Every structure is written in C-alpha cells, then in structure tokens.
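Visitor: Could you take me through one part of this model up close? I'd like to see how a single piece sits among its surroundings.

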Amino acid sequence: MSHLTDWAILSPLAIALSALVYIALERRFPYDPGQQIFRKGWFDDFVLYTLVQSYVLGLAINGLIAWIDGKSGLSRLHLVSGLPVWAQLAGFFVVHDFYIYWFHRLQHRNPVLWRTHEAHHSAEQVDWLAGSRSHALEIMINQTIEFAPMVLLGAAPEVALMKGTLDAVWGMFIHSNIDVRLGALQRVINGPEAHRWHHSSRWRDHGFNYGTKLAIWDWMFGTLYLPEGRKPPGYGLLGESTYPTSFLGQQLAAFRRFTKKDWSAEFGLDPRWNEPGAVQSLPRATGSRRAAPLTLAAGSHRDDGTS
Ligand SMILES: [Zn+2]
Ligand SMILES: [Zn+2]
C-alpha cells in the first residue's frame, strides 16, 4: 500500500479513536463537571457541522485548489517535493499556525470577519465536539489557505492527510472538557486550559489565547492569558441571546445587516474584563504569570465558585 492509502485509512481511525478517548476522559476528569455528552446543539455540531459540512466543503476546497493548480501549473514545479515528508509537514504546520493566529486575532477585531467566526463562539458548552462549529465561510477561507500551498508547492500527497488528522485531533483536544494541566508547556502548545478561556462568555471580543496548536504566538505577542485558580464563568456569546441555535440559522446570521454597534469604538478592543487583577495578567514575551507545576494528569478543581 502507498503512504497515501495508509493515511486514507489511518486518518479517520485516528480521529474516531481520539474522539472516544476524549469523551472517556471528559467523563473521568471533567474541567466543568455536569456537562452532558448530548448537550444543546449536539446534533447540529456532530451531524451537520462535522459530517455534512466538512464533507461538502472538503469537495469544494479540493475542487478550488485543483482549479488554481490547473490554471497555474504550480505543482509541476515540485518546489518542496525534494524535502523529506517530516520536513514538509513541520514547515506547513508552523507557517499555517502563524497565519491562523493572526487571522483569528483579526476576526476578533474586524466586524466583517467576526461574522465568519461568531458561530464558533456560540457554543454554550465547550467540549470535544464544540470546535467543529465553524461557519462555512471560515472553513473555506482557512482550509483553502492551509491546503492550497501543499498542493501548489508539490508536497507529498499524504502530507495533507497527516495535517488534516493533526488538525482534527488537536482541535478536539483544545476544546475538550478535560481538566488538563500542561503547566509550563502551555507557553509552547495550546490546550484546553487556555482555549476554554478564549471561549469565555465574559469577554467575547477582548481577545486572548488566539493560538490553535502552538501557544508561542500568544506568548510572543502578548495575548496569552492563563489565570491562576479561576475558570471561565460560562461560555458563548456575551449578550447575544438572539443568536440562532440551528446550523442553518448560524450560516445565515453571517449575512444579517450590520448595525452601529458592530462599528462602535468598543468592538473587539476593550481590554478591561471586570476581573480583579486581570490586567496584570497581560503578559509580554517575558512570560505569562502562570507558574503552576507541570502536571499532565487531571486533578482537582481550581476554585472560582462557578462550577
Ligand atoms: Zn475566537
Ligand atoms: Zn474554539
């Protein structure tokens, strides 16, 4: 079997197995106890976003990239084909992660781009599945930018499958409701501790922890937020109780009319988050204030009185 065939089989297996492991760990070591597996929005997130939308957009994005390649003929130059597969994967991984940090940060600052991202923030219970809730426009933009270079630069065909698997497995991890303690590693890689804060209902637009896989960008550019001893008070869109709960409603909501509020001076810029001491937590490259011991095991709860 070719490496491509291997990965075509390995990829869905690895994703399904990871999902089962995360579900089991969420039951055993919950970050927020009491969250249900079949929580609000489960059907839409699993069936419509994860299965249907991913499949349809996958075909569309593949078609678009093949069209670009047909017009440009770029893949025939085999610009990266001579590199070992691991080097290709590592290169695309780091470059894309840097891109997605900045695009994500921009989505929280620009009212038009926010329309492509607010669906992702609408989940009121964040778990292994919640990350799949991404508007079709956001997927089209991000995955075209992610996968087109692999094809156009002549990467080995299995690199895209390997990267797609990594995206899915890591994406489920950072959203999972698992009480993981990465300790000092949190400055390097992203995990649930940081990303669950990014979904906090308290500061929808305030913007911290934009990283997806690597946390070094947040650390370097001063957006890493890892408060000690507290947890987000809840998740979802702050003050947006009218935001649709259905897949179709969320898709259409991106095209609603803009109001003055969307363009107000406060949009996406307010760094004050009503939390005592929070401003001191704004780190620069000198590091975050988190100094918890490095433990990978789930453990007892941090106390914020909310869980
Ligand atoms: Zn976000
Ligand atoms: Zn997320």
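Guide: Sequence distance is a good place to start: of the contacts between residues at least 6 apart in sequence, 78% join residues at least 24 apart. Bear in mind that this is a predicted model. The protein has 10 helices and zero strands, and buried residues account for 32% of its 307 residues.

Now for the close look, at the pairing of α2 with α6. Helix α2 covers residues 42-72 and helix α6 covers residues 136-152, and their axes come within 9 Å, crossing at roughly 45°. That angle is why α2 counts as oblique to α6, and the crossing is right-handed. On the α2 side, the residues involved are Gln53, Leu57, Ile61, Leu64, Ile65, Ile68, Asp69 and Ser72. They meet Ala136, Ile139, Met140, Gln143, Thr144, Phe147, Ala148, Val151 and Leu152 of α6. Sort the residues of this contact by type and you get 12 nonpolar, four polar and one charged.

Helix α6 has another partner, too: the buried residues of α7 pack against α6, and also against α1 (3-28), α3 (85-107) and α8 (192-198). Helix α7 itself (residues 157-175) is 19 residues long and spans 28 Å from first C-alpha to last, close to the 27 Å expected at 1.5 Å a residue. Its buried residues are Glu158, Val159, Ala160, Met162, Asp167, Ala168, Gly171, Met172, Phe173, Ile174 and His175.

Back on α1, have a look at Arg28, which belongs to that helix. Arg28 counts as exposed because it has 10 other C-beta atoms within 10 Å. Its C-alpha is 9.4 Å from that of Asp179, although the two residues are 151 apart in sequence.

Follow the chain out of α2 and you reach the loop between α2 and α3, where His78 is found. His78 isn't a glycine, yet its phi is positive, about 50°. With 11 other C-beta atoms within 10 Å, His78 is exposed. Asn209, in the loop between α8 and α9 (216-220), also has a positive phi, near 50°, and is a residue other than glycine. Its surroundings are another matter: Asn209 counts as buried because it has 23 C-beta neighbours inside 10 Å.

Terms used
Residues are numbered from 1 along each chain as its sequence is written. Chains are lettered from A and ligands numbered from 1 in the order in which they are written. This is a predicted model: local features need pLDDT of at least 70, side-chain atom pairs count only at pLDDT 80 or more; totals for chains, interfaces and linings use all residues. Axes are lines fitted to C-alpha atoms, for helices over the stretch in contact, and angles run from 0 to 180 degrees between N-to-C directions. Helices (H or I, at least four residues) and strands (E, at least two) are DSSP runs, numbered from the N terminus. Angles under 35 degrees count as roughly parallel, over 145 as roughly antiparallel, 65 to 115 as roughly perpendicular and the rest as oblique. A crossing is left-handed if the near helix is turned anticlockwise from the far one by less than a right angle, and right-handed if clockwise. Two residues are in contact if their C-beta atoms, placed from the backbone, lie within 7 Å. Ala, Val, Leu, Ile, Met, Phe, Trp, Tyr, Cys and Pro count as nonpolar, Asp, Glu, Lys and Arg as charged, and the others, Gly among them, as polar. The expected span of a helix is 1.5 Å times one less than its number of residues. A residue is buried if 20 or more other C-beta atoms lie within 10 Å of its own, exposed if 12 or fewer, and partly exposed in between; C-beta atoms are placed from the backbone.
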